[in-house]
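Visitor: I'd like a close look at one part of this protein, and I'm new to reading structures. Could you take me through it slowly?

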Amino acid sequence: MISAEDSQKIVKFGTVMKMFQTFADLIQEEKIVNDQGLVYSVTRGRYTNSSIVKWLDAHADGLVYGVQIPKYSHSTTTQATKTDANADLVLEPSSPTVAGRNDYEGKKLFWCVRVNGGVDADGMPYVTAIEGQDDRFDCESADTWALTPVYYVKRTETDEYRWNQFSDTQLEGFEPCYGAFTLDGAARPYILRACYLDSEGNCSSRSGGRTNRVFLTDPSTGSTANASLDLMLRVVNAREDGITLFSHGDFAYIIEFMQLMFGVKAPKSIAAGDRCSPGIVKIVRGNVGKSFFISSDHADLFKVGRYASAVGPWDQEVLGARRIIDVETVDGVTQVHVDVEEDFDTRWSNASASIVPARSGSCDEVLGTFGSFDLDLFSEGEAPFRFQNIECMNGMGSAFYDLGHFGGGEIRVLREPGGLYSNDAWHLICEASRSSYVADLECVDGVLVKTAENATSGTGYMARWDFTALSDVLVACPYHADEDGLGSIRGADWNPGLRASAIGLSSWPDAQA
């Protein structure tokens, strides 16, 4: 006969076993991966968005970080003034061997950890792996994004200044950032921004090191940028999942946060990207192992740290976007050594070489979230840079490509899915004259709009609207319009390639007002 005491023990044991089974079932479904509360769903193969929100909120401070930007009519300086909690914070560039100072690290507002993931058809982002949190993160074969929080901004304008203030908390007078809501008006838990350019023609985030070349077409092959644009239009037009090209909302984020974190009006004064022309030259002598020979007249173009390409007489690629590791000039001939694993062959007649944009993922070796693989080239505007874990190649011009130039000098931005060949799909944001340097910009509905022009090349935003060529701009890369409203890029030295944004077709920030 079982005593009452033994019976109670059996009941307790049974309860414990049920609890254990419940816990085992939970473990099979979801797994808490660290002490910060991040929850990974094994069955769905992704983190729960609610746990990511809690993770971000644990680093919130509710402070205001500001930057006061002078209007051109008040001052032609390219500098700005940090204000509020931002006043004494410093961000310095990093190299592969030296980490620069970063006073913004660990603050929710400036969070930009790399993740793998994507966006569902309803516009909601999801994360499958997080850098530094698990061993599943893969920046080479899985789509890679910079995860940034939804933030809030207050813009104040006077006759002398534009004062932008940002916070990780919705304080009085602060509005949600562009991308905070889906097209249907649902609040996003966070925002994913593409880290890399895409060299494969796929309109989705790509990963560093996937291919040797960054762009859809290599300048050394003689292909034109028109092919890139045509492919871009076909790819975007075929998608229905809400992903667009590198969004104007992403672009505004990068420019405004560079202003905020650097204390400048013109980010180009700090980080210009690679602004040099390709410089196609003839190979004058057959290669030796991992190098090729050019005339010494072009030696200055082929600098250590830059990337080179080589093609044969029928545009047959021999070498694609390989980093130059040494340059030697003897008796009028320059030998260019490149970083390749195996010897390559350029012994054909009429072979040529050119400087090309760095491959996607070239800044992965940079310590921290801001820097360049070569600080000397970076300071000269001859190397790409990473900012907030987003790789910026040719300044910002190489990425901002979903702007259209319409007849009469109108600048429009794509708003609706499909119908790219219809003017009705494009939202008018401003009128602009041809090839004028930008004096002032303001952010309107997530789009940076020019409000004053006719600055000089070294003042204002140090960038220009140019409808006839791809400029080294930090503002836009519009292209010449044909009779249907869309057209070809003219005179583009660097082909722009594609970059996708998980913001997709967001609603305007006032959708939830």
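Which residue stands opposite Thr156 in strand 10?

Guide: Happy to, and keep in mind that this is a predicted model. The residue you're after is Trp163: in strand 10, that's the one facing Thr156.

Let's look at the strands around that pair. Strand 9 covers residues 152-157 and strand 10 covers residues 161-167, and the two pair in the antiparallel sense over six bridges. Together they make a hairpin, with three residues between them. Strand 9 has another partner too: two bridges join strand 9 to strand 11, residues 175-176, and that pair also runs antiparallel. In that pairing, Val153 stands opposite Glu175. A handy thing to remember while you look: in a regular strand, side chains alternate between the two faces of the sheet.

From strand 9 we can step into the protein's largest nonpolar core. That core has 51 residues, and the ones with the most contacts inside it are Phe110, Phe257, Phe370, Phe385 and Phe387. Strand 9 is among the elements that give two or more residues to this core, and so are strand 4 (65-70), helix 4 (248-262), strand 21, strand 22 and strand 26 (436-444). Helix 4 gives the most, with ten residues.

Some of those names take us to another sheet. This one is open, with three strands in the order 20-21-22 and antiparallel pairing. Its edges are strand 20 (370-371) and strand 22 (390-392), each pairing on one side only. Strand 20 is joined by two bridges to strand 21, residues 385-387, and the two run antiparallel. Here's a nice link back to the core: Phe370 stands opposite Phe387 in strand 21, and both are on the list of residues with the most contacts inside the core.

Now follow the chain into the loop between strand 21 and strand 22, where you'll find Gln388. Its phi is near 55 degrees, a positive value in a residue other than glycine. That's worth a pause, because most residues other than glycine have a negative phi. Gln388 counts as buried because its relative accessibility is 2%, under the 20% cut-off. For contrast, try Asn454, in strand 27 (residues 447-455). Asn454 has a positive phi as well, near 65 degrees, but at 59% relative accessibility this residue counts as exposed.

Next, the cysteines. The structure holds zero disulfides. Take Cys139: the closest cysteine sulfur, in Cys195, is 8.9 Å from its own, so the two are too far apart for a bond. Cys363 is in no disulfide either, with the nearest cysteine sulfur, that of Cys392, 8.5 Å away. Cys363 is buried, with a relative accessible area of 1%, and Cys139 is buried too, at 16%.

One last stop is the largest pocket, which holds about 490 Å³ of space. Its lining is made up of 27 residues, and those nearest its centre are Glu105, Cys112, Gly368, Thr369 and Asn389. Sorted by class, that lining has ten nonpolar, nine polar and eight charged residues.

So that's the route: from Thr156 and Trp163, through the core, and on to the pocket. Try tracing it yourself on the structure!

Conventions: Residues numbered from 1 in each chain as written. Predicted model: local features only at pLDDT ≥ 70, side-chain atom pairs only at ≥ 80, totals over all residues. Heavy atoms only, no water. Pairing = 2+ DSSP bridges. Helix = DSSP H or I, 4+ residues; strand = E, 2+ residues; numbered from the N terminus. Buried < 20%, exposed > 50% of the residue type's maximum accessible area, 1.4 Å probe, protein only. Disulfide = S-S within 2.5 Å. 1 Å grid on protein atoms, 1.4 Å probe; cavity = no way out; pocket = protein on both sides within 12 Å on 5 of 7 lines; lining within 4 Å. Points joined across faces, edges and corners; volume = space filled by probe spheres on them. Nonpolar A, V, L, I, M, F, W, Y, C, P; charged D, E, K, R; others polar. Core = buried A, V, L, I, M, F, W, Y, C linked by side-chain atoms within 4.5 Å.
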